[in-house]
Amino acid sequence: MANILRSAPLFILLLCVVDLVSGQIHYSIPEELERGAFVGNIAEDLALKIWELPARKFRLASDDRQQYIEVHQENGILFVNERIDRELICRQSAPCSLSFQVALDNPLEIHHVTVEIIDVNDNSPSFSKDVFSLQIGELTAPGARFPVERAHDPDVGSNTISNYQISPNEHFGIKVQTRTDGSRTAELLLEKPLDREQQSSFHIVLTASDGGVPHRSGTAQIHVIVVDGNDNAPIFDQEIYRATLPENSPQDTLVTIINAVDLDQGVNAELTYSFTSHVPERIGELFKLDPRTGEIRVRAVLDFEESDVYELDVRAVDNAPPVMTGHAKVLINLIDVNDNVPEIEVGSLSSSVPEDAVPGSVIAAIRVTDLDSGENGQVKCEVSGDVPFKLQRFLTNNYKLVTRGPLDRETAELYNISISAWDGGAPPLFTSRTILVSVADINDNAPRFAESSYKVYLLENNTPGGSLFIVTALDSDLDQNGEIIYSILENQIDEGPASAYVTINSKNGNLYAIRSFDYEKLKYFHVKVQAQDVGSPPLSSTTIVNVIILDQNDNAPVIVSPLTLNSSASVEVVPRSVYPGYLITKLIATDADSGQNARLCYQLLGATDPSLFTVGSLTGEVRATGRFREENLIVERLILSVKDSGQPSLSTTVTVSFSIVPNITVTSSERSNAPILSEHFSDLNRYLIIILGSTSFLFLVTIIFLIVLKFTQNRNIAENYTSTACSYRRSNSNTGFNQTPAPKQTLNYSVPAQTEGFGYTVCLSPESSKSDFLFLKPCHPTLPFSEVNVRDTKAMN
């Protein structure tokens, strides 16, 4: 049975002056031979001399862990060393063979031996289960096919399953199909309509037989259940789905999507997808099918060398009883892929390049290689990303890395240049390599301030030498190109140079005040600051620092009215007969500060009798709270204070003195105007003078009108009264008069006599208490009272 395929030596190598001779021999034997069974006479087939075999160390070299074939070193006969089970060695792959080498020394000869294992029909077809259930709706039309359970036979070729049969019945037949791999599958064919009311179930015996000699077979029982209801089976939109997939597709890669349509509604149209029993378990481990979406995805690693085509039988089952099923087929073709990645080599690399390098400057030499051949070995290369570099090709697979545009270290001081290479395979394989290139700095950036101008607020009376503000400029350059020196550019401040007011630290830009500032003299000034780097050539920029002096409460209020001397002021006289609210005087003060520091408040600190006076806290008006009594002093002294609202508050105190004089007739206009005439308005602005002047003019017109009206009223009143009494008695004392009660209609006021021959009596009519005016007339002490009264009456008339 041995078939010798002898050929001339394939190649001859000269190695240590020993000739190496090789050949190839092929044998075929059936499986399941007993141990020691003859395979072939290899010595005879190779024309070797039997007596030379031991001397030349005739031996069998095999890589198999289990030695199925052995050679007799004395006679060169190959024999079976262990029982050979083809299904165990090769499973269902055909053909199945064992390969090994036969070696001899002196000279060295190596012969390749292949022993083909021929399958024998030693396995019967078998089903995974003895009984299978199949539900078929009674409305299923004849001609419908139902895949039945696939039998398994480990044998191959003609010894595998060749036919399926079912037990005789009047409703079903069997249809056998041949798959692309040569295997046979069976489908139950409905030949006659079903009627559940007549027969609700069938028991059919399914027999699978192989083609070996003698035939072997296996059986299983199909339990067909006829159900009522759902009368539309799912229908796939394609009978055969085809997909092409690279062998290196990762797990969970989408292969294809199957889709079936069920004309029913509701639950009867809800479909579930699955593989049929025709799909081998090994193939089912490579792919997965989503039962809801119909997506078929890769589950495990695929291998083109193992199988380049996969055939999947799928079904769509609705959820309505009885379950109706639609079937389709999915053919998946694998594509062999390119499996050698290009390699990138970098030489003559310049790790640093100046930022003023001209476009086209060479950075490195690049060489790309690919061990593949043909299109798979044709490599293309480029720089990835948006970087100012590119590749220039100057030889096959050789490139220069050059700059393609201007560089700016301040924008990017370090570049990770990614060079990508890919071959012409389908799909192409990619590789990349990163080159690190730094950009050297040049002085191309001037110092830059954050703002073109700054505002600095400074309290007056600052300490000379104190820090005002820190200006900071940034320079994007490095080292001395980024080292900054600060200086002040000269400009005039209040008719003096800026350097006389402020100075600056050249290292950190800290501005210092040389002198103490006074808000009342200088409220604002600005300084121009320059920042210059130390590069070559040096670059600079400027900014303006605006210094705003803030007021501090450093000025106490100054009283301008009434005139003061040594914190004292005097008001001429005040009549004893003042009424409540009578304006005694008005305190006017100014403050050189501004804002809250100049907001003044007046208050009464002390008086002989504080209950007799009140001071307006905002107006400074000193007014009487009531009439003065006899026991009050002739001269009153008020201690008044005016203070500002600053922190801390400053104040000024003044002592105001005035004399209380009896029997002085003072009209309201006089009382109102007298203090005003003594006020000083030197510090009031122009608009206040205009307003006060207009108000005074209107007030005087009103007073004149009231005086005329009053005279008219007094004339009428005098006619209604026949007499008025005035009592007068001169006292020998110079300090006062004895007062005699007058008639009920007359009010008398006595004033101490200042001279021997004069006195004044105030005679008022009964209605005079309602009047705002007092009329004084002389009363001579030597005349009789009645005469005086008559003369007074005539005078009134």
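Strands are DSSP runs (E) of at least two residues, numbered from the N terminus. The exercises below concern a predicted model.

**Exercise 1.** Locate Asn546 among the strands, decide whether Asn546 is buried or exposed, and list its contacts beyond four places in sequence.

*Solution.*
1. Asn546 belongs to strand 44, which covers residues 540–550.
2. The relative accessibility of Asn546 is 13%. Buried means under 20%, so Asn546 counts as buried.
3. With neighbours within four places in sequence set aside, Asn546 touches Ser453, Tyr454, Lys455 and Val456, as well as Tyr524, Phe525 and His526.

**Exercise 2.** Assign Leu459 to a strand, classify its accessibility, and identify the nonpolar surface patch that contains Leu459.

*Solution.*
1. Leu459 lies in strand 35, residues 453–459.
2. Its relative accessibility is 45%. The partly exposed class lies between 20% and 50%, and therefore Leu459 counts as partly exposed.
3. The patch on the surface consists of Leu459 together with Tyr457 and Leu550; their joint accessible area is about 290 Å².

**Exercise 3.** Describe the open sheet with strand order 10-16-15-12, then examine the pairing of strand 10 with strand 16.

*Solution.*
1. The sheet has 4 strands, and its pairing is mixed.
2. Strand 10 (131–137) and strand 12 (161–166) are the edge strands, as each pairs on one side only.
3. From one strand to the next, the twist averages 25°.
4. Strand 10 runs parallel to its partner, strand 16 (residues 217–227), and 7 bridges join the two.
5. Opposite Phe132 stands Ile222 of strand 16.

Notes. Residues are numbered from 1 along each chain as its sequence is written. This is a predicted model: local features need pLDDT of at least 70, side-chain atom pairs count only at pLDDT 80 or more; totals for chains, interfaces and linings use all residues. Side-chain values use heavy atoms; hydrogens and water are left out. Patches are made of residues with over 30% relative accessible area and no salt bridge: like charges are joined within 9 Å, nonpolar side chains (Val, Leu, Ile, Met, Phe, Trp, Tyr) within 5 Å. Accessible areas come from the Shrake-Rupley method with a 1.4 Å probe; for residues, only the protein chains shown count as cover. A salt bridge is a side-chain nitrogen of Lys or Arg within 4 Å of a carboxyl oxygen of Asp or Glu. Buried means under 20% relative accessible area, exposed over 50%, partly exposed in between (1.4 Å probe, protein chains only). Two strands pair if DSSP finds at least two bridges between them. Axes are lines fitted to C-alpha atoms, for helices over the stretch in contact, and angles run from 0 to 180 degrees between N-to-C directions. Contact means heavy atoms within 4.5 Å.
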